[in-house]
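Here's a quick look at a ligand site and a pair of cysteines. Have the structure open and follow along.

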Amino acid sequence: MKQLTISKIKEGTVIDHINAGKALLVLKILGIHSNSTETVSMAMNVPSKKMGKKDIVKVEGKFINEEQLNKIALIAPNATINLIKDYEIQKKFKVVLPEFIEGIIKCPNRNCISNSDEPITSKFRVWFDKNVVAQCYYCRRKVKEISEYIY
Ligand code: CTP
Ligand code: ZN
């Protein structure tokens, strides 16, 4: 079988099985932008047996935190995280969709109390129904295109 190769990395994080088209958002979540100095490689719309098409992101020398993991789960619920040391996979796990998120996405309802002058942090219940759905704890508004509302 023909295999697409992006170089293996020595140390860092590989985020695999990202929903096709979401790699750039994953980079944003990781804080990687045009002035970043990290060594980063990525592939978009790569053929995948499980997913049809997928994206992959590899970042050298960087390990991701809980908040970044939660954000990635919201936009790429099938993603696999591989932590690499000395070219070996030390840990492999799937992201887990959090049941509740606080302060991670902005409510799309402009009149929601979480968008008012009150010091109220946004809060959503999250579940999977063909796509990831988040519902505001305060105004019950549902967010379907979550990536547009991530802070
Ligand atoms: N990888 C890497 N650098 C390494 C080791 C692995 O970039 N030193 C990458 C591989 O290219 C692959 C991912 O990490 O994209 C997972 O590697 P591996 O578990 O070997 O591949 P698969 O068996 O295809 O993974 P899965 O079962 O999760 O689909
Ligand atoms: Zn709301």
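## The cysteines

Cys-139 comes out as partly exposed, with a relative accessibility of 27%. Cys-136, on the other hand, is buried because its relative accessible area is 1%, and the cut-off for buried is under 20%. Keep in mind that this is a predicted model.

What about disulfides? Counting cysteine sulfur pairs within 2.5 Å gives zero disulfides here.

## Who sits around ligand 1

Now over to the ligand. The residues around ligand 1 start, in sequence order, with Lys-8, Ile-9, Val-14, Asp-16 and His-17. Lys-50, Lys-58, Asn-82 and Ile-84 are there too, along with Tyr-87, Ile-89 and Lys-92. Sort that shell by class and you get five nonpolar, five charged and two polar residues.

## Polar contacts

Two lysines reach ligand 1 with their side chains. For Lys-58, a side-chain N or O atom is 2.7 Å from an oxygen atom of the ligand. Lys-92 likewise has a side-chain N or O atom 2.7 Å from an oxygen atom of ligand 1. His-17 joins in as well, with a polar side-chain atom 3.2 Å from a ligand oxygen.

Taken on its own, ligand 1 has 600 Å² of accessible area, and the protein covers 68% of that.

## Which strands line the site

Three elements each give two or more residues to the shell around ligand 1: strand 1 (12-19), strand 4 (80-85) and strand 5 (88-94). Which of them gives the most? That's strand 1, with three residues.

Definitions and conventions:
Residues are numbered from 1 along each chain as its sequence is written. Chains are lettered from A and ligands numbered from 1 in the order in which they are written. This is a predicted model: local features need pLDDT of at least 70, side-chain atom pairs count only at pLDDT 80 or more; totals for chains, interfaces and linings use all residues. Side-chain values use heavy atoms; hydrogens and water are left out. A residue is near a molecule or strand if one of its heavy atoms lies within 4 Å of it. A polar contact is a pair of N or O atoms within 3.5 Å; within protein, one must be able to donate a hydrogen and the other to accept it, and residues adjacent in sequence count only if both atoms are side-chain atoms. Accessible areas come from the Shrake-Rupley method with a 1.4 Å probe; for residues, only the protein chains shown count as cover. Helices (H or I, at least four residues) and strands (E, at least two) are DSSP runs, numbered from the N terminus. Ala, Val, Leu, Ile, Met, Phe, Trp, Tyr, Cys and Pro count as nonpolar, Asp, Glu, Lys and Arg as charged, and the others, Gly among them, as polar. Buried means under 20% relative accessible area, exposed over 50%, partly exposed in between (1.4 Å probe, protein chains only).
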